[in-house]
Amino acid sequence: FPAGTEVIVMNKSSVRIHRGDCRYATKISAENRIITEYKYIDYFLGRGYNRCKVCFTENTDESNISED
């Protein structure tokens with residue numbers, strides 16, 4: 001991905017979405033890992049994935065993330 005691109009990491013097994021820097025994202029096995037740009041988060045949320053409760057908290061300010 002280009003520098004500065006916000007990424008998300010999905011776990012196909014647990015059906016969770018993590019921020020790229022989440023400590024749990026690094027523990028996902030290669031066969032269960034999907035990495036993509038943050039702008040596609042709604043696509044995965046619409047398919048039943050849920051946000052990680054550690055890296056996506058109610059206090060997280062997502063307004064600074066570009067969805068271009």
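Over the ring of which residue does the charged end of Arg 51 sit? In this predicted model, where local features need pLDDT of at least 70, side-chain atom pairs count only at pLDDT 80 or more, and totals for chains, interfaces and linings use all residues, the ring is that of Phe 56, with the charged end 5.7 Å from its centre. A charge is taken to sit over a ring if NZ of Lys or CZ of Arg is within 6 Å of the ring centre and within 35 degrees of the ring normal. Residues are numbered from 1 along each chain as its sequence is written, and side-chain values use heavy atoms, with hydrogens and water left out.

An open sheet is formed by 4 strands in the order 3-1-2-4, with mixed pairing. Strands (E, at least two residues) and helices (H or I, at least four) are DSSP runs numbered from the N terminus, and two strands pair if DSSP finds at least two bridges between them. Strand 3 (33-37) and strand 4 (50-51) each have a single partner strand and stand at the edges, so one side of each lacks a neighbour in the sheet. The pairing of strand 2 with strand 4 is parallel and spans 2 bridges; Arg 16 has Asn 50 in strand 4 as its bridge partner. The loop between strand 1 (7-11) and strand 2 (16-19) contains Val 15, a residue that is not a glycine yet has a positive phi of about 55 degrees.

The largest nonpolar core (buried Ala, Val, Leu, Ile, Met, Phe, Trp, Tyr and Cys residues joined through side-chain atoms within 4.5 Å) has 14 residues, of which Ile 8, Met 10, Ile 17, Ile 41 and Phe 56 touch the most other members. Strand 1 and helix 1 (41-45) are the elements that give two or more residues to this core, and strand 1 supplies the largest share, 3 residues. Beyond its neighbours within four places in sequence, Ile 17 has contacts (heavy atoms within 4.5 Å) that include Ile 8, Ile 41, Phe 44, Tyr 49 and Phe 56.

The structure also holds 2 aromatic pairs. Rings of Phe, Tyr and Trp (its six-membered ring) pair if their centres lie within 6.5 Å, with planes under 30 degrees apart counted as stacked, over 60 as edge-to-face and the rest as tilted. The rings of Tyr 43 and Phe 44 are edge-to-face because their planes lie at 80 degrees, with centres 5.1 Å apart. Phe 44 and Tyr 49 are likewise edge-to-face, at 5.5 Å centre to centre and 85 degrees between the planes. Ring pairs thus link Tyr 43, Phe 44 and Tyr 49 into a cluster. Tyr 43 is partly exposed, at 44% relative accessibility, whereas Phe 44 is buried, at 12% (buried means under 20% relative accessible area, exposed over 50%, partly exposed in between, with a 1.4 Å probe and protein chains only).
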